[in-house]
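Welcome! Take a moment to look over the sequence and the 3D view before reading on.

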Amino acid sequence: MIVAITGASAGVGRAVAREFAAQKWDVALIARDAARLNAAVAELGACGVKATAIVADVADFAALNAAAHAIENTLDPIDVWVNNAMATVFAPLAEISPEEFKRTTEVTYLGQVHGTMVALALMRPRNSGTIVNIGSALAYRAIPLQSAYCGAKYAVRGFTDALRSELIHDGSAIRLVMVHLPAINTPQFDWALNKTGRRAQPVRPIFQPEVAARAIFFAAMHPKRREVWVGSSTVKAIIANKLAPGLLDRYLADAGYRGQLTEETQPENAPANLFATVEADVAAHGRFDQGATEHSVEMAISKQRNLAAIAASGLLAFGLARCSRAAADNALAM
């Protein structure tokens, strides 16, 4: 069995590669940094599986298409394609340039569109395969300082839902599933473009990348599920936004800033990987191992058709009229 993973040289993608290899899948890794890709291939070789790496930027459709064909020529037909690559900017919109916003969108949104297109082109003739798109709690509840990233994740969700209906219309056996992640301890908080002047951090609670990897593997093995929600914080954010989005707008105007920024000053020469890869000897984990949890007690797995029922039960239990700031604090609890 063959899995192809974008954004596979570090962070969640690197952990996903390890998880599939541990389950004895052959793995194809796609990312921009050749050195980290080679390190990942060497790491996976210890699992006794085949691993190949291809340098490609997911924003470049032609390069990604060539990578997909190279994978099938080197290994075997791709059974699962995981669209994991992402980029973000920590800054208020007024401080983000059009070029920075565009690039974030090209990687985080169009990268998943491109990956889905090339995977479908290979899977359609054999009418089999699974595509896993990676979302976020922020695909349902946006937060300040990441407007480009949140917009891209919302777009991925809309794109995924539209395509799913098309596949159903065509009677296709190809499966499409989306995994929504909570805050994860990855290197992105040290190399994402940050224009705030303070070091960035994940919004708590923080989960280790292995939690995300296990959920993504689970989704690939259970592709009839529309979505997989990972972590109680993801569930709470999604449902809270259904209950009282206006209240959360106001809550996040303060908490959204405090939760994402430390008191440490951002170094003026801090690396940024938005337009070019950053040379760094990192793998899956970031600098937040202390305090990050290795398990998701509540990996909520939901089909979209059940979301209305979830929201309705919440309305009955709490009532919008009784929502208060304290309720929002508890509901977000991220």
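The report below walks through the chain as a whole, then through a few of its parts.

## The chain as a whole

A friendly word first: this is a predicted model. The protein chain has 334 residues, and 53% of them are buried. Along the way you will meet eleven helices and 14 strands.

Two further values help to set the scene. The protein chain exposes about 14,100 Å², and carbon and sulfur atoms supply 55% of that area. If you take the contacts between residues at least 6 apart in sequence, 79% of them join residues at least 24 apart.

## Strand 1 and its partners

A good place to begin is strand 1, which covers residues 2-6. Five of its five residues are buried. On one side sit Ile2, Ala4 and Thr6, on the other Val3 and Ile5, and both faces are covered.

Which strands does strand 1 pair with? One partner is strand 2 (residues 26-31), which runs parallel to strand 1 and is joined to it by five bridges. Here Val3 has Val27 as its bridge partner. Another partner is strand 4 (residues 80-83), also parallel, with three bridges to strand 1. In this pairing, Ile5 stands opposite Val82. Helix 1 (residues 11-22) comes into the picture too: together with strand 1 and strand 2 it makes a right-handed β-α-β unit.

## Aromatic pairs

How many aromatic pairs are there? The count comes to six. One of them is Phe20 with Trp25, an edge-to-face pair with 5.2 Å from centre to centre and 80° between the planes. Phe20 has a relative accessible area of 0%, so it is buried. Trp25 counts as buried as well, because its relative accessibility is 7%. These two residues and Phe217 form one aromatic cluster.

Now look at Phe90 and Phe189, whose ring centres are 6.1 Å apart; their planes meet at 40°, so this pair is tilted. Phe90 belongs to strand 5 (residues 89-90) and Phe189 to helix 6 (residues 188-191), so the pair ties together parts that are 99 residues apart in sequence. Phe90 is buried, at a relative accessible area of 1%, and Phe189 is buried too, at 10%.

## Two buried residues and their contacts

Phe90 and Phe189 turn up again around Ala200, a residue of strand 10 (residues 198-200). Is Ala200 buried or exposed? With a relative accessible area of 0%, Ala200 is buried. Beyond its neighbours within four places in sequence, Ala200 is in contact with several residues, including Phe90, Phe189, Asn194, Gln260 and Phe288. Although Ala200 and Phe90 are 110 residues apart along the chain, their C-alpha atoms are separated by 7.6 Å.

Thr104, found in helix 4 (residues 98-123), is the other residue to visit. Thr104 counts as buried because its relative accessibility is 0%. Setting aside residues up to four places away in sequence, Thr104 touches Ala87, Thr88, Val89, Tyr109, Ala148, Tyr149 and Leu274.

## Cysteines

A disulfide is a covalent bond between the sulfur atoms of two cysteines. How many disulfides does the structure hold? The number is zero. Two cysteines are worth finding in the view: Cys47 is partly exposed, with a relative accessible area of 24%, whereas Cys150 is buried, at 3%.

Definitions and conventions: Residues numbered from 1 in each chain as written. Predicted model: local features only at pLDDT ≥ 70, side-chain atom pairs only at ≥ 80, totals over all residues. Heavy atoms only, no water. Buried < 20%, exposed > 50% of the residue type's maximum accessible area, 1.4 Å probe, protein only. Helix = DSSP H or I, 4+ residues; strand = E, 2+ residues; numbered from the N terminus. Pairing = 2+ DSSP bridges. Right-handed = clockwise from strand over helix to strand, strands pointing away. Contact = heavy atoms within 4.5 Å. Areas by Shrake-Rupley, 256 points an atom, 1.4 Å probe, with all protein chains shown as cover. Disulfide = S-S within 2.5 Å. Phe/Tyr/Trp six-rings, centres within 6.5 Å; stacked < 30°, edge-to-face > 60°.
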